[in-house]
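Biologist: Please show me the model, so that we may discuss why certain words are applied to its parts.

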Amino acid sequence: MSSSLDYDVKGHLHAILDSLPAGVRLVAISKFHPAEYIEAAYAEGQRVFGESHEQELARKHEALPKDIEWHFIGHLQTNKVKHIVPYISMIESVDSLKLLREINKQAAKCGRTVNVMLELHIASEATKYGLTPDGCRQLLEDGEWRGMGNVRICGLMAMASNTDDERQIRSEFMQAAALFDEFKQKYFADDDSFCERSWGMSGDWRTAVECRSTMVRVGTAIFGPRVY
Ligand SMILES: *Cc1c(COP(=O)(O)O)cnc(C)c1O
């Protein structure tokens, strides 16, 4: 399978897996890459993949092995929720109470409890999605989520600024880690499900791991540049 690719997915995948400490999982971000690339990583044992568009994910889910754990990492419109809820393993990008409500509602309809993460906006860019730290505090403090029996909040997802300034990236990840501790203590002290800190991408996953990431989301460094 992998031999038919002109890109060394296998080599790049193992280079990352070999450097990840125990307790940090890899989500291979396969958006915009064809199924063959996913199959090459799958052949090496990788089972967790991330996608950011509902239709692309639907096509790949249909075509690829059913033991793949799909993570949704993109901005999710509420009207798309019903399409992914039947099979999604984790929705990492919950950025509003409205979206959380819709996931809970659709999950109830198909008799599932869906794993989700709250997406934090910690980067300096105005364009990135996610809840501000105060928005996230407010959502948790408000407490409506406690009555949602069909979603399980598993942790926080965050993206650092797109910059070469390593100190800034580190400070953003440390801010996310501090928020994780705050929320863990305040709202999830008795809930073992709230344990994931999803940060780190191709350019900054080593820094993220030093800042207590439990889950890195790496695309380009495994599959090469995306062709949009
Ligand atoms: C695309 C994407 C990634 C992976 O980015 P790379 O730089 O290719 O590793 C990770 N997280 C999110 C939310 C993304 O949209």
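**Contacts and burial**

Modeller: Let us begin with Ser213, whose side chain reaches the backbone oxygen of Trp199 at 2.8 Å. The model is a predicted one, in which local features need pLDDT of at least 70 and side-chain atom pairs count only at pLDDT 80 or more, while totals for chains, interfaces and linings use all residues. Residues are numbered from 1 along each chain as its sequence is written, and side-chain values use heavy atoms, with hydrogens and water left out.

Biologist: What makes the approach of Ser213 to Trp199 a polar contact?

Modeller: A polar contact is a pair of N or O atoms within 3.5 Å; within protein, one must be able to donate a hydrogen and the other to accept it, and residues adjacent in sequence count only if both atoms are side-chain atoms. The distance from the side chain of Ser213 to the backbone oxygen of Trp199 is 2.8 Å, so the pair counts. The side chain of Ser213 also reaches the backbone oxygen of Met215, at 3.0 Å, and this pair therefore counts as well.

Biologist: Where does Ser213 lie, and why is it called buried?

Modeller: Ser213 is placed in the loop between helix H8 (205–210) and strand S8; helices (H or I, at least four residues) and strands (E, at least two) are DSSP runs, numbered from the N terminus. Buried means under 20% relative accessible area, exposed over 50%, and partly exposed in between (1.4 Å probe, protein chains only). Ser213 has 4% relative accessibility and therefore counts as buried.

Biologist: Which class does Arg212 belong to, and why?

Modeller: Arg212 is found in the loop between H8 and S8. Its relative accessibility is 34%, a value between the two limits, so Arg212 counts as partly exposed. Its phi is near 70 degrees, a positive value in a residue other than glycine.

Biologist: How do you know whether Phe32 is buried, partly exposed or exposed?

Modeller: Phe32 has a relative accessible area of 31%, and is therefore partly exposed. Phe32 belongs to the loop between strand S1 (25–29) and helix H2 (35–43). Although it is not a glycine, Phe32 has a positive phi of about 70 degrees.

Biologist: Why is Glu119 called buried?

Modeller: Glu119, in strand S5 (residues 114–121), has 4% relative accessibility and so falls under the limit for buried residues. Its C-alpha lies 9.7 Å from that of Ile91, which is 28 residues away in sequence.

Biologist: What makes Trp145 buried?

Modeller: Trp145 has a relative accessible area of 9%, which means that it is buried. Trp145 is found in the loop between helix H6 (133–142) and S6. Between Trp145 and Gln175 there are 23 Å in space, C-alpha to C-alpha, and 30 residues in sequence.

Biologist: Why is Ser171 called partly exposed?

Modeller: Ser171, a residue of helix H7 (residues 166–187), has a relative accessible area of 45%, and this value lies between the limits, so Ser171 is partly exposed.

**The ligand**

Biologist: How do you know which residues are around the ligand?

Modeller: A residue is near a molecule if one of its heavy atoms lies within 4 Å of it. The residues around the ligand include Ile29, Lys31, Met157, Arg217, Thr220 and Arg226. Strand S6 (151–159) and strand S8 (215–218) each supply at least two residues of this shell.

Biologist: What makes the approaches of Arg217, Thr220 and Arg226 to the ligand polar contacts?

Modeller: A polar side-chain atom of Arg217 lies 2.9 Å from a nitrogen atom of the ligand, so this pair is within the limit. An N or O atom in the side chain of Thr220 is 2.5 Å from an oxygen atom of the ligand. For Arg226, a polar side-chain atom lies 2.7 Å from an oxygen atom of the ligand, and this pair therefore counts too.
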